[in-house]
Amino acid sequence: MKKTNKAVKDRKAYKKMFDAYMKDNEIRKDYESEWLLNEFARELQAEREKKHISQADLAKKTGMKQQEVSRIERGDQNAKVETLRKLADGVGKRLIVKLG
(Lines give C-alpha, C1' and ligand atoms only; values in the text may rest on other atoms or scores of the structure.)
Protein backbone atom coordinates (compact mmCIF):
# COMPACT_ATOMS: atom_id res chain seq x y z
CA MET A 1 0.00 0.00 0.00
CA LYS A 2 2.87 2.38 0.76
CA LYS A 3 4.33 1.94 -2.73
CA THR A 4 0.97 2.77 -4.28
CA ASN A 5 0.68 5.98 -2.25
CA LYS A 6 4.25 6.93 -3.17
CA ALA A 7 3.52 6.28 -6.84
CA VAL A 8 0.43 8.49 -6.67
CA LYS A 9 2.40 11.26 -4.94
CA ASP A 10 5.21 10.91 -7.50
CA ARG A 11 2.73 11.19 -10.39
CA LYS A 12 1.15 14.27 -8.84
CA ALA A 13 4.55 15.88 -8.29
CA TYR A 14 5.59 15.04 -11.85
CA LYS A 15 2.35 16.48 -13.25
CA LYS A 16 2.81 19.68 -11.26
CA MET A 17 6.39 20.04 -12.51
CA PHE A 18 5.37 19.18 -16.09
CA ASP A 19 2.55 21.74 -16.03
CA ALA A 20 4.96 24.40 -14.77
CA TYR A 21 7.41 23.63 -17.59
CA MET A 22 4.65 23.72 -20.19
CA LYS A 23 3.90 27.34 -19.25
CA ASP A 24 7.22 28.27 -20.87
CA ASN A 25 6.39 28.68 -24.58
CA GLU A 26 9.85 27.65 -25.78
CA ILE A 27 9.86 24.45 -23.73
CA ARG A 28 6.28 23.66 -24.77
CA LYS A 29 7.09 24.11 -28.47
CA ASP A 30 10.17 21.88 -28.20
CA TYR A 31 8.19 19.24 -26.30
CA GLU A 32 5.36 19.26 -28.83
CA SER A 33 7.78 18.98 -31.76
CA GLU A 34 9.57 16.03 -30.18
CA TRP A 35 6.26 14.39 -29.26
CA LEU A 36 4.98 14.68 -32.85
CA LEU A 37 8.15 13.19 -34.33
CA ASN A 38 8.14 10.36 -31.81
CA GLU A 39 4.48 9.65 -32.49
CA PHE A 40 5.21 9.52 -36.22
CA ALA A 41 8.16 7.20 -35.56
CA ARG A 42 6.01 4.81 -33.48
CA GLU A 43 3.29 4.73 -36.13
CA LEU A 44 5.78 4.27 -38.96
CA GLN A 45 7.52 1.37 -37.24
CA ALA A 46 4.21 -0.30 -36.36
CA GLU A 47 2.93 0.02 -39.93
CA ARG A 48 6.23 -1.17 -41.39
CA GLU A 49 6.28 -4.23 -39.14
CA LYS A 50 2.59 -4.95 -39.78
CA LYS A 51 3.32 -5.06 -43.51
CA HIS A 52 6.54 -7.07 -43.00
CA ILE A 53 8.71 -4.36 -44.57
CA SER A 54 12.29 -4.18 -43.32
CA GLN A 55 14.04 -0.88 -42.72
CA ALA A 56 16.33 -1.74 -45.63
CA ASP A 57 13.35 -2.35 -47.95
CA LEU A 58 11.71 0.90 -46.84
CA ALA A 59 14.97 2.73 -47.42
CA LYS A 60 15.17 1.35 -50.98
CA LYS A 61 11.56 2.35 -51.67
CA THR A 62 12.18 5.90 -50.48
CA GLY A 63 15.70 6.45 -51.78
CA MET A 64 17.06 6.76 -48.26
CA LYS A 65 19.71 4.89 -46.33
CA GLN A 66 18.63 2.20 -43.87
CA GLN A 67 20.53 4.01 -41.11
CA GLU A 68 18.46 7.15 -41.70
CA VAL A 69 15.20 5.18 -41.45
CA SER A 70 16.49 3.65 -38.22
CA ARG A 71 17.43 7.03 -36.72
CA ILE A 72 14.03 8.48 -37.57
CA GLU A 73 12.23 5.48 -36.06
CA ARG A 74 14.30 5.82 -32.88
CA GLY A 75 13.59 9.54 -32.72
CA ASP A 76 17.29 10.32 -33.03
CA GLN A 77 16.95 12.44 -36.15
CA ASN A 78 14.73 15.34 -37.06
CA ALA A 79 13.21 15.04 -40.50
CA LYS A 80 11.72 17.39 -43.04
CA VAL A 81 8.06 17.06 -43.92
CA GLU A 82 9.05 15.78 -47.38
CA THR A 83 11.05 12.96 -45.77
CA LEU A 84 8.12 12.05 -43.52
CA ARG A 85 5.85 12.03 -46.57
CA LYS A 86 8.21 9.67 -48.43
CA LEU A 87 8.30 7.31 -45.47
CA ALA A 88 4.52 7.36 -45.13
CA ASP A 89 4.18 6.63 -48.86
CA GLY A 90 6.70 3.82 -48.49
CA VAL A 91 4.39 1.98 -46.10
CA GLY A 92 1.27 2.78 -48.13
CA LYS A 93 -0.01 5.62 -45.95
CA ARG A 94 -0.55 9.35 -46.38
CA LEU A 95 1.09 11.96 -44.20
CA ILE A 96 -1.57 14.33 -42.87
CA VAL A 97 -0.50 17.64 -41.36
CA LYS A 98 -3.12 19.89 -39.85
CA LEU A 99 -3.40 22.93 -37.64
CA GLY A 100 -5.00 22.52 -34.25
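This passage describes the nonpolar core, the helix faces, the surface patch and the salt bridges of a predicted model.

The largest nonpolar core comprises eleven residues, namely Phe40, Leu44, Ile53, Leu58, Ala59, Met64, Val69, Ile72, Leu84, Leu87 and Val91. Two or more of these residues are supplied by each of helix H2 (25–50), helix H3 (55–62), helix H4 (66–74) and helix H5 (81–90). Within this core, Leu84 makes contacts beyond its neighbours within four places in sequence, and the partners are Leu37, Phe40, Ala79 and Leu95.

Two of the contributing helices were examined for the arrangement of their buried residues. In H5, the buried positions are Thr83, Leu84, Leu87, Ala88 and Gly90. Viewed down the axis of H5, these buried residues fall within an arc of 160 degrees, so they line one face of the helix. This spacing can be read against the geometry of the α-helix, in which there are 3.6 residues a turn, so that residues three or four places apart point the same way. The buried residues of H5 pack against H2, H3 and H4, and just after H5 the backbone of Gly92 takes a positive phi of about 80 degrees.

In H3, Gln55, Leu58, Ala59 and Thr62 are buried. These residues cover an arc of only 100 degrees around the axis, which puts them on the same side of H3. The face of H3 turned away from this buried side carries Lys60 and Lys61, both of which are exposed. Packing of the buried residues of H3 is against H2, H4 and H5, and the helix is followed by Gly63, whose phi is positive, near 75 degrees.

A charged residue is also found among the buried positions of H2. Arg48, which is found in helix H2, has a relative accessible area of 7% and is therefore classed as buried, the cut-off for that class being under 20%. Once residues up to four places away in sequence are set aside, Arg48 touches Ile53, Ser54, Gln55, Leu58, Glu73 and Val91. Of these partners, Ile53, Leu58 and Val91 are also members of the largest nonpolar core, while Gln55 and Leu58 are among the buried residues of H3.

On the surface, Tyr14, Met17, Tyr21 and Ile27 form a nonpolar patch with about 410 Å² of accessible area together. Helix H1 (residues 2–22) gives the largest share of this patch, three residues. Tyr21, which has its place in helix H1, counts as partly exposed because its relative accessibility is 45%. Met17, which likewise lies in helix H1, is partly exposed with a relative accessible area of 41%. The C-alpha atom of Met17 is separated by 40 Å from that of Met64, the two residues being 47 residues apart along the chain; Met64 is itself one of the residues of the largest nonpolar core.

A search of the whole structure finds ten salt bridges. In general terms, side chains of opposite charge can pair when their charged atoms come close. In helix H2, Glu39 forms a salt bridge with Arg42, the closest N and O atoms being 2.5 Å apart, and the two residues are three apart in that helix, about one turn. Both partners are partly exposed, Glu39 with a relative accessible area of 24% and Arg42 at 46% relative accessibility.

In helix H5, Arg85 and Asp89 lie four residues apart, again about one turn of the helix, and form a salt bridge in which the closest N and O atoms are 2.4 Å apart. Arg85 counts as partly exposed at 33% relative accessibility, as does Asp89 at 40%. Neither residue is listed among the buried positions of H5, which are Thr83, Leu84, Leu87, Ala88 and Gly90.

A further salt bridge joins Glu47 to Lys51, with the closest N and O atoms 3.4 Å apart. Here the two partners fall into separate classes of accessibility, since Glu47 counts as buried at 13% relative accessibility, whereas Lys51 counts as partly exposed at 37%. Glu47 and Lys51 are also linked with Lys50 in a network of salt bridges.

How values were computed. Residues numbered from 1 in each chain as written. Predicted model: local features only at pLDDT ≥ 70, side-chain atom pairs only at ≥ 80, totals over all residues. Heavy atoms only, no water. Core = buried A, V, L, I, M, F, W, Y, C linked by side-chain atoms within 4.5 Å. Buried < 20%, exposed > 50% of the residue type's maximum accessible area, 1.4 Å probe, protein only. Contact = heavy atoms within 4.5 Å. Patch = residues over 30% accessible without salt bridge, like charges linked within 9 Å, V, L, I, M, F, W, Y side chains within 5 Å. Areas by Shrake-Rupley, 256 points an atom, 1.4 Å probe, with all protein chains shown as cover. Salt bridge = Lys/Arg side-chain N within 4 Å of Asp/Glu carboxyl O. Arc of directions from axis to C-beta.
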